[in-house]
Amino acid sequence: MTSTASEKKHVEELERELSRLREEIQEVRADRAVRRLFLHPADEVFSPEDFFRDTGIRFRGDRFVALEFEDDPRFPPARPREDSPASFRVRFTQLKSLVLSVLGRAHPAALYSQNGRLCCVLNWQGEETNWHSACAELVEHLNRAMWEALGFRFQCVVGRMHHGVAELGQAQGELEQAVTFRKLLGIPHGEILFYDGILQTKGVQGDGAGPALEEDENRQFCLAVRSGDAARAKEIFSELMEHSFVSGQPAVQFLQLRVYAMIDTLLKAFERAAEFLELQTEVAALHIAPRLLETENVWALRDVVFQVLEEFQDIVASQQRTARLPSRMDQYIRSHFMDPDLNVNQVAAHFGITPTYATRVFKEHFGAGMLGFIQQVRVEQAKLLLQSGETVKEVAGRVGYRDPATLIRLFKRLEGVTPARFGKRAAAQKGA
């Protein structure tokens, strides 16, 4: 290759690189210009010529609608794709081209990316009276085109109709509230969700947030939690969910407040129950607060609440079993003292607990060790049998000692006399 040809090729490569850089600069300028639409101060004059210079888009009229697109989870991508920044830029360019070709035919459209989502400002040219149905048709057409061309579908949230660029400052907040509404409720709204449709309440009075539980409901819920009655607590909570998010759905502005109020009520109920039952340590180990706050929507919140209620019920049941355990061990020992194999291990195995735990619980309640208690019960029963005239050998077998010598040593240590002497005294007193 000659020097001239080599230089010519190098110049061509530089020109292509320069052209690419110019395109990127223009894309950045256009993206910034569109973003400024949402941050446009109300008292600042919008310059259509500057906007056209930066974006190549010329608005006609003063009606604007903001839209936001994100992947529709109901339709997995037909083709595998990467999530790297580079692949997202390529995908955004493809989407931008397709959206502009579909929507921009009838309505000038400006797009930009926001937190992995595609946002669009549509300069509405159609009739305003039926714009919702016309917009829904556009989105449906766009989704079909996206599926055929790129192998995926979108869910779309749509803000209100705004008049003038100055009103677009409200549009971003509307889109964010609509996305929050859809995610918190966790209810599929199809491929399009209008902010107008979720703006008003469906039965919530006052400020829309309202108390998470009425006073009587709160009292009943707390009582069920404190009693370890998970079934009743679930029933009350399910009624609350129905009232709060289905039949009495709060306005979008207050939805987040309603969720936080509900979580606050739940945490207080568990806190009061734990304090009443002296189970603060056990309940703290459940990590209830982070588990509730990390839920993605209200139905995931319900599932976590149900799970926590079950766990709390187990704790309460365990406490109740522990509270009754000493008296049950007492009864078991008194009804099995004649068993030669009766010991701490056997008692613990019967109640499904460890010997160490059984010993600790028993001593905390009775103030004496379990082995000493078993020996005391056997000596008391031996005294009754000796008073009835039975021999030491007979008595030893009937109170759980295979070797009479064991009973003799224990009896003398506890009563200060041998069993035989005790029996003679009892017989003498009986004869007298």
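**Strand β3 and two buried asparagines**

Buried residues account for 41% of the 432 residues in the chain. The model is a predicted one. Its secondary structure comprises 18 helices and 6 strands. The exposed surface of the chain comes to about 23800 Å². Carbon and sulfur atoms supply 52% of that area. Contacts were also examined by separation along the sequence. Of those between residues at least 6 apart, 69% join residues at least 24 apart.

Strand β3 spans residues 117-123. Burial was assessed for each of its positions. In β3, 7 of the 7 residues are buried, so the strand is largely enclosed by the rest of the structure. The side chains divide between two directions. R117, C119, V121 and N123 point one way from β3. L118, C120 and L122 point the other way. Both sets are buried.

Two strands pair with β3. Strand β1, residues 63-71, is joined to β3 by 6 bridges, and the two run antiparallel. Within this pairing, V65 of the chain has L122 in β3 as its bridge partner. Strand β2, residues 109-114, is likewise joined to β3 by 6 bridges, again in antiparallel fashion. Here A109 stands opposite L122. L122 is thus matched with V65 and with A109.

N123 belongs to β3. Its relative accessible area is 0%; because the cut-off for burial is under 20%, N123 counts as buried. A polar atom of the N123 side chain lies 3.1 Å from the backbone oxygen of R63. R63 also appears among the residues that N123 touches. Leaving out residues up to four places away in sequence, N123 touches F59, R60, G61, R63, F64, H107 and P108. R63 and F64 fall within the residue range of β1, 63-71.

A second asparagine, N143, lies in a helix. Its place is in α4, which covers residues 131-150. The relative accessible area of N143 is 2%, so this residue too is buried under the 20% cut-off. With residues up to four places away in sequence again left out, N143 touches F152, R153, F154 and E191.

The two asparagines therefore share a buried state, at 0% for N123 and 2% for N143. Their settings are a strand for N123 and a helix for N143.

Key. Residues numbered from 1 in each chain as written. Predicted model: local features only at pLDDT ≥ 70, side-chain atom pairs only at ≥ 80, totals over all residues. Heavy atoms only, no water. Helix = DSSP H or I, 4+ residues; strand = E, 2+ residues; numbered from the N terminus. Buried < 20%, exposed > 50% of the residue type's maximum accessible area, 1.4 Å probe, protein only. Polar contact = N/O pair within 3.5 Å; in protein donor to acceptor, adjacent residues only side chain to side chain. Contact = heavy atoms within 4.5 Å. Areas by Shrake-Rupley, 256 points an atom, 1.4 Å probe, with all protein chains shown as cover. Pairing = 2+ DSSP bridges.
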